[in-house]
Structures are given as structure tokens and as C-alpha cells.
Amino acid sequence: MYKEAIRPAWAEINLSNFEYNVQQIQAKMGAAEGREFIGVIKADAYGHGAIQCAQVLRDNGVKTFAIATLHEAIALRNAGAKERIIILGLTPDMYADTLAKYDITPVVDNADNAKAINDAAASMNKTLDCLLAVDTGMGRIGYLADDTDFAISDVRRIAALPNLKIFGMFSHMSTADCVDKTYSHQQEAKFNNFYKALTDAGIEIPFRTLANSASIMEIPSVLFDGCRPGIILYGCYPSHEVDPAQLSLKPVMSVKANIVHLKFVPSNFSVGYGRKYISEKPATIATIGLGYADGYPRPYSANAKVIVNGVVCPIAGNICMDQCMIDVSNVPNVNVGDEVIVMGSDGTNSITADDIADATGTINYEITCAFGQRLPKVYVK
Ligand SMILES: *Cc1c(COP(=O)(O)O)cnc(C)c1O
């Protein structure tokens, strides 16, 4: 229990493990050879706390951060970040002045939007850098990589803007985490073709970035001038299809709680909404103050396991919004105040973000993001 958490449930963020991952990734992607490490700390660093993670990245020489929203960019600037901050999503014209005010590097895929950003920068006597977004097969944002004629004519207009400099181009991989890399290599070819078309047309593109976590692990030909590691920073693999032997990682987030209530119940005692748990024999039921509003997925209820004093125990009944109950009948000497590992390891048993994701039909990314939202974060080294 941590006084500063102000509740007996918390996400424990291990910054030593985070730093370990950063250094493993730097070695894997060749950061020492001058390749830019773009630390992806969007969504509050996938739930781990962007400000704290940015500090560890900074201490390890990282000079570029990527976030998803202007809100996140402003929070990072206001926390004192002096580094380049790339916003990975498009920014509507209306917010161009905010980009300029906070010196954020936008991604752009049309000249009218670029002009609005240029004008906002000009009005503040500033020049901003931008990254061209290219759609090589993700189908999300960016110039369609196949339509180079349109792209060249549009990008020429951007290149002529005095207060918005084309710093580079980026694209995003959609299946780099699959065993079959065929589509990834098609994306790579489109990326190279787009680059060649623009540079042949006399448009200078000083910087290229394509790689996400899975690409860093398994597609060395797409590392280019900079890489954008996200999920691997946090010690999770991008999918079950990547080879973990490619990169050693340590999980950064654990989720823990203390037993706040304990009772001995007779057989045929029901627990929770919908009476999904009914004791078959006398049982010991513990309650913790953590629920689905904290990111503990309700659909996990029937399969959910936690670790109490070295014993793996099932959740009893449905996870509630802010609390849940545990059948601790097999735990000897259990007491109010005992620590419950909801996600993490006690050295012998472990419950990973992947375990929770697999049981609920989602991916580890969503699990850490969700746990990061309401739970207090406690940073340990
Ligand atoms: C989220 C994101 C990343 C990082 O992806 P991971 O799979 O977590 O490495 C990189 N680039 C873009 C554009 C993204 O949106």
C-alpha cells in the first residue's frame, strides 16, 4: 500500500525495466550509428505515464518523441520537454495556431492544411517542420503511395511554403507483426517508390521513418533514418507471431491491490452482480478495490486469475466497476491488507498483459492503456 496512491490499488511502473527496454531497442535498431529513436509515448505512454517515460528516454539520449493528440503534446511541452514532438495524427486547420504556439511537428497529407499551418507559424514569426504522411497500405492517413502524380503536385505547394519545412516522410506498417512479411515488403517497396518519385521531382526529403516495434524486431530493411518503437518500450511484444528471441524485454507495468475485506462464507453463498459465483463448499472471499473502470476488463471475469501470497486464485463472479471479489480459499493465512497481484509476477507465478488480452479478445496495447487511465501510478526502480 502506498500513501501517495490514496487508494489500495495501483499500477506499478518499473522504470529500470523501461530503461532496460530502451537500451535493448537502441542496440537492435542501431541508434548508436545515428539512427533517430522516436520514442512513441502516445496515450500517456500506453498507460505508463508520458512525463516519467520521457525523462528516462531523455536520460538515454532520445531527442524525439511521438504522441497522438495536441493535448498530449501540450502536456509534454508544459512539463518542460525541449525535444522534437511529432503528432502522429492529422491536425485540422482550426488548431494550426496551437501547433505553432507549442512548436509541435505535424504530419500533413494535403497542401491546404499545410498552408493553414504555415500561416499560423508565420503569424508568430516561426518556422515549423512537418512530416509528409504516406499511405503505403495501412489505409489510415497519408498520400496514396500509388498516386505519385497527385502527390508531387500537392507536395510542391507544401515545399513552396516559407514557414513550414518538409523535414521528412513517414508511413505506417499494418502487418509487420505477422509471420508472413509479404505485405510489409510491398509497403516497403511503395515507400521507396514514393520517395524516389518525390526526390526525382526535385523535392527534398531529408528524413524517412517507417518502422514500428514489429519492424524493428523483424524487418531490418525498413529502419531508414529513424524508428518509432511503441509497445516494445513497455516490455510487451507486438503480437504472438513475432519471435521474442529477436529482442529481450522486461514488462514495465504491474497492477496491484490490497485486500480490503475478507469473509468466510458457507456453501451456496452468491457473490457479485448476476450471482455468477455460488460457493459449492464453505469458502473464503476477499474484496479488492479495483474494477472495470480501472481497466480490468469485465469480460475477463470468468477466466480472471490473480496472485495472492504465492497462490493463483480465481475472481469470484463478475468484476464490478470499482471492486471485485476473489476466491482465496486456497490461500493459507490470508489477511486484510495482503497484496494481490492483478497483473505482474511474484517471481514464480505471473499474469501478463497478454494473458488478460488473450482471454478478452484484445491486444496487450489495450490492456496497459486501460489500466493507465484511472489507477494511481507508483514509479519504482
Ligand atoms: C502507435 C504508432 C507507432 C508505434 O507502434 P507500436 O506497434 O506500438 O510500435 C508508430 N507509428 C505510428 C504512426 C503509430 O501510430
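1. Which residue in S18 is the bridge partner of isoleucine 307? In this predicted model, the partner is isoleucine 341. Isoleucine 307 also has a bridge partner in S16, namely valine 312. A reader new to the structure can take isoleucine 307 as a starting point, with a bridge to isoleucine 341 in S18 and another to valine 312 in S16.

2. The strands behind these bridges are as follows. S15 covers residues 305–308 and S16 covers residues 311–314; the two run antiparallel and are joined by four bridges. S15 also pairs with S18, residues 339–345, again in the antiparallel sense, with two bridges between them.

3. The turn of the hairpin deserves a look. Two residues lie between S15 and S16, and in this hairpin asparagine 309 has a positive phi, near 45°.

4. On the domain record: an unreviewed UniProt entry places "domain: Alanine racemase C-terminal" at residues 252–380. Over that stretch the model is 37% strand and 15% helix. The C-alpha atoms at the two ends of the stretch are 10 Å apart.

5. Next, the ligand. There are 13 residues around the ligand, and those that come nearest are Lys42, Tyr46, Ser213, Ile231 and Tyr365. Sorted by class, the shell holds six nonpolar residues, four polar ones and three charged ones.

6. Which atoms of the protein lie 2.7 Å, 2.8 Å and 3.0 Å from an oxygen atom of the ligand? At 2.7 Å there is a polar side-chain atom of tyrosine 365. At 2.8 Å there is a polar backbone atom of isoleucine 231, and at 3.0 Å a polar backbone atom of glycine 230. As for cover, the ligand taken alone exposes 390 Å², and the protein buries 93% of that area.

7. The "binding site" annotation should be read with its source in mind. It comes from an unreviewed UniProt entry, which places the feature at Arg140 and Met321. These positions span 182 residues of sequence and are spread in space too, up to 33.4 Å between C-alpha atoms. Of these residues, Arg140 is included in the lining of the largest cavity.

8. Where does arginine 140 sit in the chain? Its place is the loop between strand S6, residues 128–135, and strand S7, residues 143–144.

Definitions and conventions:
Residues numbered from 1 in each chain as written. Predicted model: local features only at pLDDT ≥ 70, side-chain atom pairs only at ≥ 80, totals over all residues. Heavy atoms only, no water. Near = heavy atom within 4 Å. Polar contact = N/O pair within 3.5 Å; in protein donor to acceptor, adjacent residues only side chain to side chain. Areas by Shrake-Rupley, 256 points an atom, 1.4 Å probe, with all protein chains shown as cover. Nonpolar A, V, L, I, M, F, W, Y, C, P; charged D, E, K, R; others polar. Pairing = 2+ DSSP bridges. UniProt positions renumbered as here; feature names shortened; annotations may be inferred. 1 Å grid on protein atoms, 1.4 Å probe; cavity = no way out; pocket = protein on both sides within 12 Å on 5 of 7 lines; lining within 4 Å.
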